[in-house]
Amino acid sequence: MNGERHAAAVTRYYDTHPINEHEILSKVAARGADLDALTENELKDFDQDHYGGYDATERLAAAGDIRRGQVVLDVCCGLGGPARWLAYKIGCKVTGLDLTQSRVDSARRLTERVELSRLVDFVQGDATDMPLPDARFDRVYGQEAWVHIHDKATLLRECRRVIKPGGILAFTDIVSIAPLTGDESAQMADEMQFPSIVTAGHYLDSLEPNGFAVQRHDDLSPAWKDILVGRLEMYRSLKDTTIDRFGLAHFEKWDRMYTAFVGLYVAGKLGGIRVVARAVAH
Ligand SMILES: C[S@@+](CC[C@H](N)C(=O)[O-])C[C@H]1O[C@@H](n2cnc3c(N)ncnc32)[C@H](O)[C@@H]1O
């Protein structure tokens, strides 16, 4: 698939995602929160679209030494859940970058609702061609999103361009730990919009040529297997709201696709990695 068609497919995927602003606000309201006086502490349980919720974001921030007052970039920020949580918890300033305009619009509205707009802003753009200045950020991070990007070298070069020398890159992502069959790879590419699921080794080998020195990496695979099984149940629990919003055929397609994806974790073919790397001088 060429770049423009892939970008359009990713956008469609997130425009019709079961986790969305409407669904998040319904859940927050069902828990008894007042939507007109919503706090980040109430929102944080529902707006994170990665594995392990805000705890995982805090662990990534600790590994990447994200601190109060720093200027931070979330690459592929989605609805902005991690960006808001880090700004609220740590007091850093976070810019979220995302390809999907509807995600950026929702991220802005949710951020205004919890009154964090002075610390958190959002930019629509492609992570492989970021509309951001050179050497702007102390820290750059991303969670469970870069698997959508085929060209990891260009992505990492862009991260290096926008980070200050000596700054830290910290990310978690989906990786392959055993070979997928041709059919499995095609299904992940065509349906999940994962054009190439790389190994942890591929990521680690790509960092140094693109201006980063790896500081540490952790295998998250065992924990992610259980999280993914729980996530499939969570998506199934959203059956009624997904059908109301996007129709039965969309729910059934999503369920088939996500069952196959989680099956690859259960089969030990997919896993997860957390990487921390320092930007070195050019
Ligand atoms: C699974 S969501 C993760 C969101 C966020 N990291 C979180 O943890 O809540 C993946 C996001 O990556 C974005 N994305 C995919 N490809 C992208 C690209 N090339 N450039 C920027 N964003 C992209 C999608 O639009 C989507 O919002």
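**Entry 1: strand β7 and its partners**

I began with Asp219, whose bridge partner in β7 is Ile273. I note at once that the model I am reading is a predicted one. Looking up the pairing as a whole, I found that β6 and β7 run in the antiparallel sense and share seven bridges. I then turned to strand β5 (residues 163-176), which is joined to strand β7 (residues 270-279) by nine bridges, again antiparallel. Two positions helped me to place the pairing of β7: Thr172 stands opposite Arg274, and Leu169 stands opposite Ala277. How many of the 10 residues of β7 are buried? I found nine of the 10 buried, so β7 is largely enclosed by the rest of the structure.

**Entry 2: the whole sheet**

I next followed the strands across the sheet and wrote down their order as β3-β2-β1-β4-β5-β7-β6, seven strands in an open sheet with mixed pairing. Which strands lie at the edges? They are β3 (120-124) and β6 (212-219), each of which pairs on one side only. Neighbouring strands of this sheet are turned against each other by 20° on average, with direction ignored. I also looked for a helix against the sheet and found α7 (residues 152-162), which packs on it and touches β1 (71-75), β4 (137-143), β5, β6 and β7. The direction of α7 makes about 150° with that of β5.

**Entry 3: one residue in β2**

I picked Thr95, which has its place in strand β2, and asked whether it is buried or exposed. Thr95 counts as buried, because 21 C-beta neighbours lie inside 10 Å, and the cut-off for that class is 20 or more. Setting aside the neighbours within four places in sequence, I listed Leu73, Asp121 and Val123 as the contacts of Thr95. I also checked Thr95 against Ala7, which is 88 residues away along the chain, and the two C-alpha atoms are separated by 21 Å.

**Entry 4: helices α9 and α2**

In helix α9 (residues 200-207) I looked up the buried residues and found Ala200, Tyr203 and Leu207. They cover an arc of only 65° around the axis, and therefore lie on the same side of α9. I kept in mind that an α-helix has 3.6 residues a turn, so residues three or four places apart point the same way. The cover over the buried residues of α9 includes α7, β5, β6 and β7.

I made a similar search in helix α2 (residues 21-30), where Ile24, Leu25 and Val28 are buried. Their arc around the axis is only 95°, which puts these residues on the same side of α2. On the other side of α2 I found His22 and Ala30 exposed. Among the elements that cover the buried residues of α2 is α3 (40-43). Just after α2 comes Gly32, which takes a positive phi of about 105°.

**Entry 5: positive phi outside glycine**

After Gly32 I looked for residues of other kinds with a positive phi, since most residues other than glycine have a negative phi. Asp65, although not a glycine, has a positive phi of about 55°, and it is found in the loop between α4 (53-63) and β1. Asp65 is partly exposed, because 14 other C-beta atoms lie within 10 Å of its own.

Cys76, also not a glycine, has a positive phi of about 75°, and its place is the loop between β1 and α5. Is Cys76 buried or exposed? Cys76 counts as buried, because it has 27 C-beta neighbours inside 10 Å.

**Entry 6: the surroundings of the ligand**

Cys76 came up again when I turned to the ligand, as one of the closest residues, together with Asp49, His50, Gly78 and Thr100. I noted that 23 residues surround the ligand. Which elements give two or more residues to this shell? They are α1 (3-15), α5 (81-90) and β2 (93-98). Sorting the shell by class, I recorded 10 nonpolar, eight polar and five charged residues.

How values were computed
Residues numbered from 1 in each chain as written. Predicted model: local features only at pLDDT ≥ 70, side-chain atom pairs only at ≥ 80, totals over all residues. Near = placed C-beta within 6 Å. Helix = DSSP H or I, 4+ residues; strand = E, 2+ residues; numbered from the N terminus. Nonpolar A, V, L, I, M, F, W, Y, C, P; charged D, E, K, R; others polar. Buried ≥ 20, exposed ≤ 12 C-beta atoms within 10 Å, placed from the backbone. Arc of directions from axis to C-beta. Contact = placed C-beta atoms within 7 Å. Pairing = 2+ DSSP bridges. Axes fitted to C-alpha atoms, helices over the stretch in contact; angles between N-to-C directions.
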